[in-house]
Amino acid sequence: MANDLNVVALVGRLTRESELRYSNGGMAICRFSIAVNRRKRTADNRWEDEANFFDCTMFGKSAESVNQYLEKGRQVSIVGELRQSRWEQDGQSRSRVEIAVNSLQLLSSPGSPEGRVENRRSEQQPMTRNQGSYGARPAADPMPAMDIGGPEQFDDDQIPF
């Protein structure tokens, strides 16, 4: 149905180094995982953080460009959509849901104190596909903001899952 909505926006920290692979057709696929804390009330009426973990995937040249910056502990902001993969393994139906990332912004360096943003981008708009090369930034800027298009730029036959 054309009126459905599938949008995910999260801010969290990478739980491991990113993994860059290439499909048989040569398309870059970058996979990483982020942890996002949520506050919840305990039975004794105290607040505590509970970590939620999400697997993420980026595609194409943007995946190659951003891969070098995705280190464990770095805080990122992502916008994307949920994708479900289904397959059979040993006669059992299996499935997996992950976030296909359309836009990624680096917010801090690994190990930075929570809430401290190393490079504020409130006045800048993210780079889009129509504005030039992916990840273009001033030489003094240590962390790029990237709007990387997303998986809709590829045919389903090109994506290996």
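Which residues form a nonpolar patch on the surface, and with how much accessible area together?

1. The patch and the status of the model. The residues in question are L5, V7 and V79, which together present about 310 Å² of accessible area as a nonpolar patch on the surface. V79 belongs to strand β5, and with a relative accessibility of 33% V79 is classed as partly exposed. Please bear in mind throughout that this is a predicted model, and that the values discussed below are computed from it.

2. Overall architecture. The chain is built from 1 helix and 7 strands, and, read from the N terminus, its elements follow the order β-β-β-β-α-β-β-β. Of its 161 residues, 39% count as buried. The accessible surface of the chain amounts to about 10,100 Å², with 44% of that surface belonging to carbon and sulfur atoms. When contacts between residues at least 6 apart in sequence are considered, 59% of them join residues at least 24 apart.

3. Two loop residues and their partners across the sequence. Y69 sits in the loop that runs between α1 (61-67) and β5 (75-89), and at 13% relative accessibility Y69 counts as buried. The C-alpha atom of Y69 is 8.1 Å from that of L106, although 37 residues separate the two in sequence. L107, for its part, is found in the loop between β6 (92-106) and β7 (145-147), and L107 is likewise buried, its relative accessible area being 15%. Between the C-alpha atoms of L107 and R74 the separation is 7.5 Å, while along the chain these residues are 33 apart. A reader with the structure open may wish to view these two pairs, Y69 with L106 and L107 with R74, side by side.

4. Salt bridges around E50. A search of the whole structure returns 10 salt bridges, and E50 takes part in a pair with R38, where the closest N and O atoms are 3.1 Å apart. Because E50 lies in strand β4 (residues 47-59) and R38 in strand β3 (residues 28-41), this pair ties together parts of the chain that are 12 residues apart in sequence. E50 also meets K40 in a salt bridge, with an N to O distance of 3.1 Å. That second pair again links distant parts of the chain, K40 being in strand β3 and E50 in strand β4, 10 residues apart. As for accessibility, E50 counts as partly exposed at 26%, R38 counts as partly exposed at 41%, and K40 counts as partly exposed at 27%.

5. A further network and a further pair. Salt bridges that share partners also join R31, D55, R96 and E98 into one network. In addition, E19 forms a salt bridge with R21, the closest N and O atoms of the two being 2.7 Å apart. The two members of this pair fall into separate accessibility classes: E19 is partly exposed, with a relative accessible area of 31%, whereas R21 is exposed, with a relative accessible area of 54%.

6. Cysteines. How many disulfides does the model contain? The count comes to 0 disulfides. C30 is in no disulfide, and the nearest cysteine sulfur, that of C56, is 9.6 Å away. Why does C56 not form a bond with C30? The sulfur of C56 has the sulfur of C30 as its closest cysteine sulfur, but the 9.6 Å between them is too far for a bond, since a disulfide calls for a pair of cysteine sulfur atoms within 2.5 Å. Both cysteines are nevertheless covered, C30 being buried with a relative accessible area of 0% and C56 being buried with a relative accessible area of 1%.

7. Points to carry forward. For inspection, I would keep three items in view: the nonpolar patch of L5, V7 and V79 on the surface, the salt bridges of E50 with R38 and with K40, and the buried cysteines C30 and C56.

How values were computed. Residues numbered from 1 in each chain as written. Predicted model: local features only at pLDDT ≥ 70, side-chain atom pairs only at ≥ 80, totals over all residues. Heavy atoms only, no water. Helix = DSSP H or I, 4+ residues; strand = E, 2+ residues; numbered from the N terminus. Buried < 20%, exposed > 50% of the residue type's maximum accessible area, 1.4 Å probe, protein only. Salt bridge = Lys/Arg side-chain N within 4 Å of Asp/Glu carboxyl O. Contact = heavy atoms within 4.5 Å. Areas by Shrake-Rupley, 256 points an atom, 1.4 Å probe, with all protein chains shown as cover. Patch = residues over 30% accessible without salt bridge, like charges linked within 9 Å, V, L, I, M, F, W, Y side chains within 5 Å.
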